[in-house]
Amino acid sequence: MKIPKALENVIESFEALPGIGPKSAQRLGFYLLHVPQSDLDGFAQALTNLKKNTRMCSICFNIGTTELCDVCVDPERDTATVCVVEDALDVIAFERSDKFKGVYHVLHGVVDPLNSIGPEDIYIPQLIKRVQGSVGSEQIKEIIIATNPTMEGEATAMYIVKQLKNQNSKVNSDSMGVKITRIGRGLPVGADIEYADEVTLTRALEGRSEY
Ligand SMILES: [Zn+2]
């Protein structure tokens, strides 16, 4: 049987999503045939509006609806401490724990040579620029690297450390440069910060160590 083109298009779109294989994509596509047209229209509209009605914060690249995200506009936050995370979902995880009072920097990915994702493809250059800028106004004192404890997460952390240490060595000697720390080992190897519970995250944050 030849699958109609309209259905094939939907299946292909699902298949392009992470974690969805050809079988699941097919199942979802066929499932949608039973959904009322009005619901499908709503689904399509939500997709259409997704990127139109959201934007990346111009400081930390977190997801929000205005120029600056909710964290960056909050005057209570400590802008001297920046927590570097892989994804905006990790910001949500840290915010849930309600212990971190600093600000974030969202990388939107990890360095992953196997999938040809280099440092320039994620928001690392913007982080380095942010730290450079802090010598004057933003006054960043500590960068907490909170990438996931996976191979790619560790490689990304190491790359950032190297760049920041380079940066520190250029700062004049009467300044200490920025302190670089890594969240603690409370997180099991291969874990995903996004799914970590509040207690584990708080412990990982408190147990951070300096590079
Ligand atoms: Zn922000």
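**Helix packing around α5 and α8**

In this predicted model, α5 and α8 pack with their axes 9 Å apart, at an angle of about 95 degrees. The cut-off for roughly perpendicular runs from 65 to 115 degrees, and the two helices, α5 and α8, are therefore roughly perpendicular to each other. On the α5 side the contact is made by A93, F94, R96 and S97, and on the α8 side by E198, L201 and T202. Sorted by class, the contact of α5 with α8 comes out as 3 nonpolar, 2 polar and 2 charged residues.

Helix α8 itself covers residues 198–206, and its buried residues are L201, A204 and L205. Looking down the axis of α8, these buried residues fall within an arc of 100 degrees, so they line one face of the helix. An α-helix has 3.6 residues a turn, so residues three or four places apart point the same way. The buried residues of α8 pack against α5, which runs over residues 88–97. Turned away from that buried side is a face of α8 that carries V199 and E206, both exposed.

Just ahead of this helix, A196 sits in the loop between β6 (179–182) and α8. Is A196 buried or exposed? A residue needs 20 or more other C-beta atoms within 10 Å to be buried; A196 has 22 C-beta neighbours inside 10 Å, so A196 counts as buried. Setting aside neighbours within four places in sequence, the contacts of A196 are A93, L187, A191 and L201. Two of these names, A93 and L201, also turn up in the contact between α5 and α8. A196 and A93 are 103 residues apart in sequence, yet their C-alpha atoms are 7.4 Å apart in space.

Another helix pair is found towards the start of the chain, where α1 takes in residues 5–15 and α2 residues 22–32. The axes of α1 and α2 come within 8 Å and cross at roughly 135 degrees. That angle makes α1 oblique to α2, since the cut-off for roughly antiparallel is over 145 degrees. As for handedness, the crossing of α1 and α2 is right-handed. From α1 the contact draws on L7, V10, I11, F14 and E15, while α2 supplies P22, A25, Q26, L28, G29 and L32. Broken down by class, the contact of α1 with α2 has 8 nonpolar residues, along with 2 polar and 1 charged.

A44 gives a contrasting case to A196. A44 lies in helix α3, which spans residues 37–52. With 10 other C-beta atoms within 10 Å, A44 is exposed, because the cut-off for an exposed residue is 12 or fewer. A44 and G184 are 140 residues apart in sequence, and C-alpha to C-alpha they are 42 Å apart in space.

Zooming out to the chain as a whole, there are 8 helices and 7 strands. The C-alpha trace spans about 75 × 35 × 35 Å along its principal axes. Of the 211 residues in the chain, 27% are buried. Taking contacts between residues at least 6 apart in sequence, 55% join residues at least 24 apart. The contact of A196 with A93, across 103 residues of sequence, is one link of this kind.

Notes: Residues numbered from 1 in each chain as written. Predicted model: local features only at pLDDT ≥ 70, side-chain atom pairs only at ≥ 80, totals over all residues. Helix = DSSP H or I, 4+ residues; strand = E, 2+ residues; numbered from the N terminus. Arc of directions from axis to C-beta. Contact = placed C-beta atoms within 7 Å. Axes fitted to C-alpha atoms, helices over the stretch in contact; angles between N-to-C directions. Parallel < 35°, antiparallel > 145°, perpendicular 65-115°, else oblique. Left-handed = near helix turned anticlockwise from the far one by under 90°. Nonpolar A, V, L, I, M, F, W, Y, C, P; charged D, E, K, R; others polar.
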